[in-house]
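User: I would like a close look at one part of this structure, with enough of the surroundings to place it. Please keep the account plain.

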Amino acid sequence: IDSPLGSNSVFETNILRAGFTPYDPVLMFDKELHAFSGIFYEILERIAKEEGWKVLWTEETGYGVIQDGLNSNRFDIFGSTVWPTPERRKEALLSVSVYDSKIYAWVRDTDTSVTLDEIRNDESYRIAIKERDFTDSMVQSDFPRNRLIRVPQLAAVDSMLELVSENKADMTFTEPYLGELFNKKATQKLVHIGDPLRFYENTFMVSKENFQLKELIDEKILEYAKEGFVSSLIEKYTGDANTFA
């Protein structure tokens, strides 16, 4: 995927370079057809059309190295969802939220009697995470004593769920939409336990120097939410406009 050289602002070049990670239903990428779709994809493409820009989807990257791509000027915006962990807020600018996600702990459906307090006190309990991902941030603050099973930065979104399903880990974290999507194809089903551990906003990310772009993205998201465009996209890609309510 080609991108222009140089560090000119999108407001000068009319070219918006976007990094991404496939993440259903936010952004999907069909490599064979070289085709994108998803809630965030349609929002960013609409913004670009209204501003007279062209979007170049320049780089597929891992969640732990988004800031590297922004700071080295390989792309202007991360076009998949980012959950604003404290670490990310220090390193970049996050847009207003498109919608919010509830994050639960997920275990095998044969292990539903276990409680989160029991897990915290069991040093042998294995938790699947990605380094520098929101899961990494969560275990550091909530489950510091547990064993960690790490997946690579560019591993698929459901890779941590697969580890739990295959009994290579005992627990991981995700939102209900992705957990139920995983269960549709999994032999060993997973369930979430306890109350939500986090309520995360789904945001776009830009570098700290790109405040003008952040302001424009914020303005457009609020406009699209007010007119019902965001809820129509959620319904289009999940079948229910209240999926993330």
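What is the volume of the largest pocket? Please describe its lining, and then the elements around it.

Analyst: The largest pocket has a volume of about 370 Å³. The model is predicted, and confidence along the protein chain averages a pLDDT of 92, with 97% of the residues scoring at least 70.

The lining of the pocket consists of 21 residues. Those nearest the centre of the pocket are Pro22, Asp24, Ala156, Val157 and Asp158. By class, 13 lining residues are nonpolar, three are polar and five are charged. Among the elements, helix 8 (residues 176–183) gives the most to this lining, with three residues.

One of the residues nearest the pocket centre, Asp24, also takes part in an unusual piece of backbone. The peptide bond from Asp24 to Pro25 is cis, and its omega is near 0°. Pro25 sits in the loop that links strand 1 to strand 2 (28–30). Another backbone feature belongs to Asn14, which is not a glycine yet has a positive phi of about 60°. Asn14 lies in the loop between helix 1 (10–13) and strand 1. Both features are set against a general pattern: most residues other than glycine have a negative phi, and most peptide bonds are trans.

Besides the pocket, there is enclosed space to consider. A search of the whole structure finds one cavity of 30 Å³ or more. The largest cavity holds about 190 Å³ of space and is lined by 16 residues. Tyr23, Asp133, Phe134, Val157 and Met160 lie nearest the centre of this cavity. Val157 is also among the residues nearest the centre of the largest pocket. The cavity lining is made up of 10 nonpolar, three polar and three charged residues. Strand 5, helix 7 (159–165) and strand 10 (172–174) each supply at least two residues of the cavity lining, and strand 10 has the largest share, with three.

Strand 10 and helix 8 lead to one of the sheets. Three strands form an open sheet in the order 10-7-11, with antiparallel pairing. Strand 10 and strand 11 (190–201) are its edge strands, each pairing on one side only. From one strand to the next, the twist averages 30°. Strand 7 (residues 100–108) and strand 11 are joined in the antiparallel sense by eight bridges; the bridge partner of Arg108 in strand 11 is Leu190. Helix 8 packs on this sheet, where it touches strand 7, strand 10 and strand 11, and its direction makes about 40° with that of strand 7. Helix 6 (residues 134–142) lies across strand 7, strand 10 and strand 11 as well, running at about 100° to strand 11.

Strand 1 and strand 5 belong to another open sheet, which has five strands in the order 4-1-5-12-6 and mixed pairing. Strand 4 (54–60) and strand 6 (93–94) stand at its edges with a single partner strand each, so one side of each has no neighbour in the sheet. Strand 6 pairs with strand 12 (residues 203–206) in the antiparallel sense over two bridges, and Leu93 has Val206 in strand 12 as its bridge partner.

Two helices lie across strands of this five-stranded sheet. Helix 2 lies across strand 1 (15–20), strand 4, strand 5 (77–82) and strand 12, and runs at about 140° to strand 4. Helix 9 (residues 211–227) lies across strand 1, strand 5, strand 6 and strand 12, at about 165° to strand 12.

Some care is needed with confidence. In the protein chain, confidence is highest in helix 2 (residues 39–51), at a mean of 98, and lowest in helix 4 (residues 86–91), at 87. Over residues 1–6, pLDDT stays under 50, and the model has 14 contacts beyond four places in sequence for this stretch. Where pLDDT is low, the predicted coordinates should not be read in detail.

Note on methods:
Residues are numbered from 1 along each chain as its sequence is written. This is a predicted model: local features need pLDDT of at least 70, side-chain atom pairs count only at pLDDT 80 or more; totals for chains, interfaces and linings use all residues. Side-chain values use heavy atoms; hydrogens and water are left out. pLDDT is the predictor's confidence in each residue, from 0 to 100. Helices (H or I, at least four residues) and strands (E, at least two) are DSSP runs, numbered from the N terminus. Contact means heavy atoms within 4.5 Å. Two strands pair if DSSP finds at least two bridges between them. Axes are lines fitted to C-alpha atoms, for helices over the stretch in contact, and angles run from 0 to 180 degrees between N-to-C directions. On a 1 Å grid over the protein atoms alone, a cavity is a set of points where a 1.4 Å probe fits but cannot get out, and a pocket is an open set with protein on both sides within 12 Å along at least five of seven lines; lining residues have an atom within 4 Å of a point. Grid points are joined across faces, edges and corners, and a volume is the space filled by probe spheres set on the points. Ala, Val, Leu, Ile, Met, Phe, Trp, Tyr, Cys and Pro count as nonpolar, Asp, Glu, Lys and Arg as charged, and the others, Gly among them, as polar.
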